[in-house]
2 protein chains.
Amino acid sequence: MTGTTARRRGRPRREEASDTRDHILTVAREEFSAHGYEKVSVRGIAKAAGVDSALVHHYFGTKEQVFEAAVEVAFAPALSAQDALVDAPLDDVGERLARFIFGVWENPATRTPLLAIVRSALNNDTAAAVFRRLIASQLLRRIAGRLDVPDAELRAELAAAQLVGCAILRYVIKVEPLASADVEQIIARVAPVVQEHLTGP
Amino acid sequence: MTGTTARRRGRPRREEASDTRDHILTVAREEFSAHGYEKVSVRGIAKAAGVDSALVHHYFGTKEQVFEAAVEVAFAPALSAQDALVDAPLDDVGERLARFIFGVWENPATRTPLLAIVRSALNNDTAAAVFRRLIASQLLRRIAGRLDVPDAELRAELAAAQLVGCAILRYVIKVEPLASADVEQIIARVAPVVQEHLTGP
């Protein structure tokens, strides 16, 4: 495959490599979403992507690193929103955070990879470690870093617990009436709770 | 096995049947905890329990019904607490509910089956349906039934979301510092939130 594309004229090598890498990530995300972390292998991803396993290892390393890269890509469209979120005024961080989380879950394009992450993390320690690194270190630590209280990290995690619990009961377990409720009705109730966890007494 | 025990003198048949039934449930709970709903079969449970598959079907019916019975048994030690909880004064229901949930998760005897339920429910629709019936209909509906507000069920589910999210981040994903925090420190922060969801404005 690399040989064929390398012969196309006027196309720089760097871009080709980037295309192949993106293609592998897209396939990896689909595989992890459909089957969960444990049942997916680097060999299976390579086969589905039409490349050699060695190329997958070359770009990403281990299966854990492929998973982490696939998951990071899933969050990519929301990363700018996340920056805005972390830098926003603290007095409406609860609503901004709730809107951000429900936004990525309501969007079908990001919901599927999120389901894969949640399902994988609950059944596999390696996937759980990836979840911890991404969620805890990227988003929660940054928000906690802005809070001027001694238990800032615990508060940020309890706020996250409210949002993670909502996502699981609404989108995974599908408990009614939560699963069918209007998302604005949910945000109206959840945002003040998140705000209270972060900046309350 | 039934034949052998039936020959023991002075032991009524009803008690024997109850012993065998309990033994199958104990084994089923261990199997579901260790392997998750999807990977467990009625045949596998029967083999591990040293009985015929037909006996498991006779007592419980389908695999789904075995799972539900195993899960109900896991909640059994807490059922009296649950009754007291639902009947308690509404003005401290938040703390009582938080103490009840963290109590069953902190207890190793009930934590293992709970892990099996959560993991199974997130990866299998049948197990999710059992989770919905047990959690939503038994505990949440009863609490919601005491609230004199139009969105009582949604409020009860959002309160549950806070507690489910805490349990998942603390006991399954093990995010720090939440995983190692003193449980009283967590209850002190979570109980007012649960109370607010249920009886707040």
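Me: How many helices and how many strands does chain A have?
Reply: In this predicted model, the sequence of chain A, read from its start, runs through the pattern α-α-α-α-α-α-α-α-α-α-α. Chain A accordingly has zero strands, and its helices number eleven.

Me: What percentage of the residues of chain A count as buried?
Reply: A residue is counted as buried if 20 or more other C-beta atoms lie within 10 Å of its own. Applied to the 201 residues of chain A, this gives a buried share of 39%.

Me: Which element gives the largest share of the side of chain B that touches chain A?
Reply: The contact between the chains involves 33 residues of chain B and 34 residues of chain A. On the chain B side, the elements that give two or more residues are α8 (108–123), α9 (125–144), α10 (152–172) and α11 (183–199). By class, that side has 22 nonpolar, seven charged and four polar residues. The largest share, 13 residues, comes from α10(B).

Me: As by what kind of axis are the two copies related?
Reply: A turn of 180°, with a shift of 0.0 Å along the axis, lays chain B on chain A with an RMSD of 0.0 Å. The two copies are therefore related as by a two-fold rotation axis.

Me: What percentage of the contact residues of chain B recur in chain A?
Reply: Following from the superposition of chain B on chain A by a turn of 180°, one can look at the surface that each copy uses in the contact. The same surface serves both copies, and the share of the contact residues of chain B that recur in chain A is 100%.

Key. Residues numbered from 1 in each chain as written. Chains lettered and ligands numbered in written order. Predicted model: local features only at pLDDT ≥ 70, side-chain atom pairs only at ≥ 80, totals over all residues. Contact = placed C-beta atoms within 7 Å. Helix = DSSP H or I, 4+ residues; strand = E, 2+ residues; numbered from the N terminus. Nonpolar A, V, L, I, M, F, W, Y, C, P; charged D, E, K, R; others polar. Least-squares fit on C-alpha atoms with pLDDT ≥ 70 in both. Buried ≥ 20, exposed ≤ 12 C-beta atoms within 10 Å, placed from the backbone.
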